[in-house]
Amino acid sequence: MKTLPSVELADAQKMAAAARDYAASQGWAVSVSVADSTGHVVVTERMPGAPLMSAEIAADKAMGAVRAGKPTMALEDMINNGRTAGLQLPVLALGGGELVMVDGAVAGAVGISGLTPAQDVEVAKAGVAGL
C-alpha cells in the first residue's frame, strides 16, 4: 500500500492561524477552513465580522481544491474563460482554495471566504505558507 501525507489537526491549526493573522494584518475578516488529503474538513474558523455564510463557503473551497487536485481559482478561471461545463463540477469553483502539497502529493487544502477571489487566494496562500 502507498502511504500519502495528510494534514493533521496541529497542521490545520497552524495554517488557520497563519491565514487569520495575515487577514487581520490587512484589516480583513475572513473564514478559514483546512481540509485533509481526503477532502474532509479538519478546522473551520470564522473571524468576527466575516460574512455568516463564509464559513461554509471556506469549507467547500478547501474540500473542492483537494477533490479537484488544483486551486479553486483555476476552476473559476476555466469557467470565466468560457468553459461553462465547469459549472456542473461537483465542487465549488470559486477562488480561495489552495492546495497543501507534500513531496508532490496533495496533503490537504486551505479554503478562505469573505473577500474578493483574489484576496481570498492571497490569504489562502498565506495559510499554506504557515505550515
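1. E76 caught my eye: this residue is buried (under 20% relative accessible area with a 1.4 Å probe, counting protein chains only) yet has no salt bridge. A salt bridge here needs a side-chain nitrogen of Lys or Arg within 4 Å of a carboxyl oxygen of Asp or Glu. The nearest side chain of opposite charge is K61, 6.6 Å away; Lys and Arg count as positive, Asp and Glu as negative, with His and the chain ends not counted.

2. Bear in mind that this is a predicted model, where local features need pLDDT of at least 70, side-chain atom pairs count only at pLDDT 80 or more, and totals for chains, interfaces and linings use all residues. Residues are numbered from 1 along each chain as its sequence is written, and side-chain values use heavy atoms, leaving out hydrogens and water.

3. Where does E76 sit? In helix α3, residues 72-80. Leaving aside residues up to four places away in sequence, E76 touches A93, L94, G95 and P117 (contact is heavy atoms within 4.5 Å).

4. Now the sheet: four strands, open, antiparallel, in the order β2-β1-β4-β3. β2 (41-46) and β3 (97-102) are at the edges with a single partner strand each, so one side of each has no neighbour in the sheet. From one strand to the next, the twist averages 15°.

5. Strand β1 (residues 31-36) pairs with β2 in the antiparallel sense over five bridges; pairing takes at least two DSSP bridges. V34 stands opposite V43 in β2.

6. Helix α2 (residues 54-68) lies across β1, β2, β3 and β4 (105-113), at about 155° to β4. Helix α4 (residues 117-129) lies across β3 and β4, at about 135° to β4. Axes are lines fitted to C-alpha atoms, for helices over the stretch in contact, with angles from 0 to 180 degrees between N-to-C directions. Helices (H or I, at least four residues) and strands (E, at least two) are DSSP runs, numbered from the N terminus.

Terms used
Buried means under 20% relative accessible area, exposed over 50%, partly exposed in between (1.4 Å probe, protein chains only).
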